[in-house]
Structures are given as C-alpha cells and as structure tokens.
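Me: I have a structure open in front of me and I'd like to go through it slowly. Could you help me with its pockets, its core and a few odd spots?

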Amino acid sequence: MSSTLGTPPVWWQSGAIYQVYPRSFQDSNGDGIGDLQGIRSRLDYLVALGIDAIWISPFFPSPMADFGYDISDYCGVDPIFGTLGDFDRLIADAHERGVRVILDFVPNHTSDRHPWFAESCSGRSSPKRDWYIWRDPAPGGGPPNNWTSNFGGSAWEYDEMSGQYYYHAFLKAQPDLNWRNPQVRAAMMDALRFWLAHGVDGFRVDVIWHLIKDAEFRDNPPNPAYGPGQPDIARFLQVYSTDQPEVLDIIAQMRATLDEHGDKLLIGEIYLPVERLVAYYGPELSGVHLPFNFQLIHAPWNARGLDTLIETYERALPAGAWPNWVLSNHDQRRISTRVGAAQARVAAMLLLTLRGTPTIYYGDELGLEDAHIPPDAAQDPWEKNEPGLGLGRDPARTPMRWTSLPGAGFTEGVPWLPIGGRPEQNVADQMSDPDSMLHLYHRLLKLRRAHEALSLGKYESVVATGDILAYWRRNGEEGLMIVLNLGHKNTPIELGGVFSVLASTHPDSAEEAGPGIFVMRPDEGLLLKPR
Ligand code: GLC
C-alpha cells in the first residue's frame, strides 16, 4: 500500500473541493436541467473562486428515481447530462486549468433497471441471482427481518415470481448489490477503472458504510430515542444493516485499484459517530483518504460545543490521517439556512481555516438559502414517501443563481426546481460587491493558498470563553490566529500582541488589532497574523 501522506503533501491535502450537483449548476440546452456542457462553461468561475477540485454528483444513465443515485449503467453518461464526449471535453478543460475532477461512485445499489438486476430477477438459478441480496420470507411469512429503508417502510421488496424478497436500503428502485460476491467486486472495480482511464482524479463513494451487511441478517435493535416526527429509519439502530468490519477489505480493494493510477483521491460518505468514522481510514491507512466529516452539519452552533468537537476529532484521527470538513451537501439543509446569514460568514471562515480538506457545496459561496418547495412541487422521493416531516432535500438542491434575471442565468427554460434563495444571492451582483459572501470566499481561498499555515499547518486550540472560538494554525515559523464570535453581541477579547487583520467577515474592519482588549463585533470572524 503506498503511503497517503508524504512530503511534499498530495494535492487533496492542501486543496479545496467544490461539490457540483449537476442538475442544478448550469443548463446549456434549455431543458431546465443542468448538464456537463454547462459545468464546462463555468470552469473559469470555479478557477477564479480558487478551488482545486470539483466533485460532480452522479451523471450516469439513470431512471432518476433518486436523481442519479439509481444507476443503470456505471460506464456512461445520461443523455439528460450530455455524452461521454462532453465528459472528456469537460475533464480536458478542467485539467488544462489545474482543476481536478472527482466522480460520485454509487456501489451499494444499482437501479432496478440495471441489466444486472433484470438478470438477477429472472429466477433463482440466474447466474446473477447472488449479485443482489435475496432472502426467503421469515418463517411465519413476511419480510426476512426488521430492516427499514432509509426512505421509509420495509427495506425488503417481495418478488412474486421467485417467492423471495430483495433488500434495498433506499428505494425499492435501488436494490442493494451483494458485495460478498467476488464477481460483484470485480465488476465494480472495472467501473472504477473505466473512469480512471478517462482521467478522473478520484471518487466520492456513496453510502460506503452500507456496503456489507450482517452475514446472519439479524434484526436491528429498537432505538430508545425514537419518537414522533422522526423518519422511519430512526426506529431502529442500524447495528446489523450497516458498518460491518468486512467493509474495510472492500475499501482496501478500491484503494488498491485507485493506487494503480497514481495519487487519486478516495472519499467515503459516512454518517457515523466520530469514533466509528475514523475507522474508515483503515488499518495502516489502507481505507478511504477522507471519510467525510459531517460533524459541522449536525453540531449545535455555539463556540464551546464547536471547540470540543474540533478537539475531539483532531484527537480521534489515527496517526498520519488527514482531516476534512463539510458544511453542506445535497442531502442536508444549507448552512445559511441552519445558522443565518451573519453566522454563515463565520462558518465560511471556520471551514476554510480549520486543518483539513474543505468541501464547499455549490451556492454556499453566495450564502444561498434553502428554497421553500410547496408540497405539490416536491421532487425528492424521500419527501414523497414520508411527507410533512421536513425530510425533503429539494430545498438545498435548487439552481445556482448566476444572475438576478428570471432563470437566474441557470436556464433559458423552466428550471426543474424553483430558483431558490434571495435575489441578491447571485454571482453577478456579488462579483461587483467587495463586501459580498462571494468575495469573502475568494479572499479566504486565496489566503489558504498563500499560507501553508492554513492549508497544511498544525491546529492548536486557544483557551477562550463564552461565544468566542479561537485557534492557531502553525507551520514552521508562521502562525496565524483565527478568532470567531459565534454570538450576536459585542464581545471583548484580550490580545497578547499586535496583529494584522488578514481577513474579516465584516466589511469595514480595522487593519490592526491589539495589544490588549479588542472588541469583537457581533458575528465577527478575524484571521490574524502577529506583527
Ligand atoms: C447518498 C446520497 C443521497 C442518496 C443516497 C442513496 O446518501 O448522497 O443523495 O439519496 O445515498 O444513494
């Protein structure tokens, strides 16, 4: 196994990743749905923003039951998004500009329209029967066990013809593959190789902690904290349906496949408590390079809580493991909606100054807010299956706002989801406003590139109280201090020396701070360099 962390550091350690949800980034043909050609036409925007890589959510052939996370061909491009030729042009243009391209790999399940599943359904003696998870009914009849679908209801679907059930952790249109079958593994490694041959720089692996299920299919235990208003999936603790130790062998196989092609990046989507999350770095770092760290998405937004969370995560990391941070993604409420516009600026400074690779969700750099989606406009299958609980993911998936014009510069047609956010949350207006969120992102990403203390340096917490979160980032001789006011009132802090203000969340900030008492304004964040 090649070492992941070397000197000099690899690109994905110092770099920032930008998530593109392709349906919503840029439409180039007026059908109201974004496409690959659209992404290609916006590469210069991304270069100017200062990101190093884009991760593109699925664009493969799909019936779109789960908007591309139900794949019917791992080695192609859905016509909605363009052609393989469009992809090749996109990656060539991205590479020419120094931007890496990371794909979404969805190995846990296929679409029910995938030819493999059609074959598997053809009967108990099908050569691909064992590619999926088929079980007999429980002894008294009914589903084999109590496992629940993440999108509501039983995770087992009965097949009249064979008298067996198949397992689907998500929609019944997303049957789970059987990763205990070596043929499945080989076929999926080939899918990775197909895209590696097209020059991709890495993969974000969908629900990687789901890949292996308990060999005995034992019932999951009830969740004592389950209560009204919670989704079905919360009724049981996912003890046997997810996070089985054998998954690490599969991940090591994926890593080995990537390592055949140089310094490719493997990211795992994992929603688990931190002590389990870090297990996915694998024995001797043979696992994913970056197990996505979603803690900032779920954390109560206060200084003391965040301070503890960061420290705990830093301490939990195995030796040599590289951290990472995420504020939003296509499955979660956007950061601006969760913490409000003023704290979203503080959050941006936090994301881009913590130790570890940041992932920016498209539109967050504008402070884009979740849209209100009326029930009859809902697209997300989860919302449709379990309506009224606020589970729907459409609000965070609305089109990128390029301009304040109708269609937002995203489409000439009717957008597949309404244009969300507020009018000023658009690229054109924010480009010409030096105080905008977009400029704050520009400044911070530029500083990350200019100062190795920020991109690669050590993290050192500073003792603080109340609403103040403060830390140093240090590399060699250089130290930078970040001070964030998570509260909404003036808060004095004591500065031990004189500092230059390299960046501030607030427009009219002083150029210098300290020594002595310095008053942090409400919702203010400062990036400071000792004089
Ligand atoms: C992941 C994706 C999500 C999808 C699910 C099933 O969590 O991020 O969008 O619905 O997997 O593939």
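Me: Let's begin with the second largest pocket: what is its volume?

Reply: The second largest pocket has a volume of about 220 Å³, and please keep in mind throughout that this is a predicted model.

Me: Okay, and which residues are closest to its centre?

Reply: There are 15 residues lining the second largest pocket, and the closest to its centre are Ala341, Arg345, Leu366, Gln430 and Met437. The largest share of that lining, 3 residues, is supplied by helix α12, which covers residues 341-353.

Me: How does the lining of that second pocket divide into nonpolar, polar and charged?

Reply: The lining of the second largest pocket divides into 4 nonpolar residues, 5 polar ones and 6 charged ones.

Me: And the largest pocket, how much space lies in there?

Reply: The largest pocket holds about 1400 Å³ of space, and its lining is made up of 50 residues, with Asn150, Tyr271, His298, Gln332 and Trp382 lying nearest its centre. Helix α9, residues 295-298, gives the largest share of this lining, with 3 residues, and the lining as a whole divides into 25 nonpolar, 15 polar and 10 charged residues.

Me: How does anyone find empty space like that?

Reply: Rolling a probe the size of a water molecule over the atoms shows where empty space is left.

Me: Back to helix α12 for a second. Is Thr353 buried or exposed?

Reply: Threonine 353, which lies in helix α12, counts as buried, because its relative accessibility is 1% and the cut-off for buried is under 20%. If you leave aside its neighbours within four places in sequence, threonine 353 is in contact with Arg448, Leu454, Tyr471, Arg473, Ile482 and Leu527.

Me: Arg448 is in a helix too, I think. Which residues of α15 are buried?

Reply: In α15 the buried residues are Met437, Leu438, Leu440, Tyr441, His442, Leu444, Leu445, Leu447 and Arg448, and Met437 is also one of the residues closest to the centre of the second largest pocket.

Me: What span should α15 have, going by its residues?

Reply: Helix α15 has 14 residues, 437-450, and at 1.5 Å a residue it should span 20 Å, so the 20 Å between its end C-alpha atoms agrees with what is expected.

Me: New topic: which residues in the largest nonpolar core touch the most other members?

Reply: That core has 155 residues, and Tyr18, Phe87, Phe203 and Met254 are the ones touching the most other members. Beyond its neighbours within four places in sequence, phenylalanine 203 is in contact with residues including Ile102, Phe105, Trp195, Leu258 and Ile267. Another core, of 14 residues, lies apart from the largest one, and among its members are Trp472, Val501, Leu526 and Leu528.

Me: Now the odd spots. Where is the cis peptide bond?

Reply: The cis peptide bond joins glycine 514 and proline 515, with omega at about 0 degrees, and proline 515 is found in the loop between β17 (512-513) and β18 (516-520).

Me: Why point that out?

Reply: Most residues other than glycine have a negative phi, and most peptide bonds are trans.

Me: What is the phi of Phe67, then?

Reply: Phenylalanine 67 has a positive phi of about 50 degrees although it is not a glycine, and this residue is found in the loop between β2 (53-56) and α4 (84-96). Phenylalanine 67 is also buried, at a relative accessible area of 8%.

Me: And what about Asp523?

Reply: Aspartate 523 is not a glycine either, yet has a positive phi of about 55 degrees. Its place is in the loop between β18 and β19 (525-530), and at 11% relative accessibility aspartate 523 counts as buried.

Key
Residues numbered from 1 in each chain as written. Predicted model: local features only at pLDDT ≥ 70, side-chain atom pairs only at ≥ 80, totals over all residues. Heavy atoms only, no water. Helix = DSSP H or I, 4+ residues; strand = E, 2+ residues; numbered from the N terminus. Expected span 1.5 Å × (residues − 1). Buried < 20%, exposed > 50% of the residue type's maximum accessible area, 1.4 Å probe, protein only. Core = buried A, V, L, I, M, F, W, Y, C linked by side-chain atoms within 4.5 Å. Contact = heavy atoms within 4.5 Å. 1 Å grid on protein atoms, 1.4 Å probe; cavity = no way out; pocket = protein on both sides within 12 Å on 5 of 7 lines; lining within 4 Å. Points joined across faces, edges and corners; volume = space filled by probe spheres on them. Nonpolar A, V, L, I, M, F, W, Y, C, P; charged D, E, K, R; others polar.
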